[in-house]
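Me: I'd like a close look at one strand in this model: who it pairs with, and where. Once that's clear, work outwards to the rest of the fold, and keep it relaxed.

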Amino acid sequence: MILPNKPDQKYNSGLLGWRKWYTNSRGELLPLTSDQAWNRGENKAICLKHEDHEGRQQIPNSECSCGMYAYYQPNREFKFDLRQDGCVFSRSILGLVMGYGRVELHPGGFRSEKMLILGVVDNGSLATSQIIENYKIDSFDALDELMSYATYLSQHHSLEIIDKG
């Protein structure tokens, strides 16, 4: 197993999850449902439906769809787009995140108030290289390596993996 660039990093309690992003031409990570780019480091959920949501209710909230989403398990069917010559041109990225703060559990995944990107699968594309550099995050050559890292984090830090599959 390849350990991350920051092996001395200490993580507080949280829930490990998986998500997929798309990238834009500026090398930013974008969720599937909005054009709000993720930040380097901690990301805090905002409610896109109710401007005054944060003052009225906590995020996430069972009465709203706000929060930062992650799945319990990575999608093993996730495929990178390849051209006929074998070059990767996909602008999609699969990664491991830590959700923390207020968290709501659901059958296939969770929503949390805050998230931190812990690592991504490097699909060899220029877009992924740009993301790794811009966000200063660890990259792994294969999904199995990133899954091993998730197991390592759950065993050596107060991070939980929920097995629903």
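Reply: Let's start with strand E1 and its partner E8, residues 159–160: the two pair in the parallel sense, over 2 bridges. That is just enough to count, as two strands pair when DSSP finds at least two bridges between them. To see the link in residue terms, go to Leu15, whose bridge partner in E8 is Glu160.

A word on ground rules before going on. This is a predicted model, so local features need pLDDT of at least 70 and side-chain atom pairs count only at pLDDT 80 or more, while totals for chains, interfaces and linings use all residues. Residues are numbered from 1 along each chain as its sequence is written, and side-chain values use heavy atoms, with hydrogens and water left out. The element names are DSSP runs numbered from the N terminus: helices (H or I) have at least four residues and strands (E) at least two.

Back to E1, which covers residues 14–23. With E5 the sense is the other one: E1 and E5 run antiparallel, joined by 8 bridges. One place to find that join is Trp21, which stands opposite Ile93 in E5. E1 also runs antiparallel to E2 (residues 29–30), through 2 bridges. Here look for Thr23, which faces Leu29 in E2. E1 and E2 make a hairpin, with 5 residues between the two strands. In that turn sits Gly27, and its phi is positive, at about 75°.

So how many residues of E1 are buried? The count is 8 of 10, so E1 is mostly covered; buried means under 20% relative accessible area, exposed over 50%, and partly exposed in between (1.4 Å probe, protein chains only). For the protein chain as a whole, 44% of the 165 residues count as buried.

Now stay with E5 for a moment, strand 92–105. Gly101 lies in E5, and at 53% relative accessible area Gly101 is exposed. Across from there, Gly101 and Glu113 come to 5.4 Å in space, C-alpha to C-alpha, with their positions 12 residues apart in sequence. Glu113 falls within E6, which spans 109–121.

E6 brings us to the aromatics. The structure holds 4 aromatic pairs, where rings of Phe, Tyr and Trp (its six-membered ring) pair if their centres lie within 6.5 Å, and planes under 30 degrees apart are stacked, over 60 edge-to-face and the rest tilted. One of them is Tyr72 with Phe110: the ring centres are 6.2 Å apart and the planes at 35°, so this pair is tilted. Tyr72 lies in the loop between E4 and E5 while Phe110 lies in E6, so the pair ties together parts that are 38 residues apart in sequence. Neither ring sits on the outside: both Tyr72 and Phe110 are buried.

Another aromatic pair is Phe140 with Tyr149, and this one is stacked, with 5.1 Å centre to centre and 25° between the planes. Add Tyr152, and Phe140, Tyr149 and Tyr152 form one aromatic cluster. Phe140 has a relative accessible area of 2%, so this residue is buried; Tyr149 is buried too, at 1%. You'll find Phe140 in strand E7. Phe140 also has a partner in space in Val120: the two are 20 residues apart in sequence, with 6.2 Å from C-alpha to C-alpha.

Just before E7 there's a backbone detail to check. Lys136 is found in the loop between helix H2 (126–135) and strand E7 (139–140). Its phi is near 55°, which is positive even though the residue isn't glycine. Is Lys136 buried, partly exposed or exposed? At 44% relative accessibility, Lys136 counts as partly exposed.

Stepping back, the protein chain has 3 helices and 8 strands. Along the sequence they follow the pattern β-β-β-α-β-β-β-α-β-α-β. E1, where we started, pairs in the parallel sense with E8 and antiparallel with E5 and with E2.
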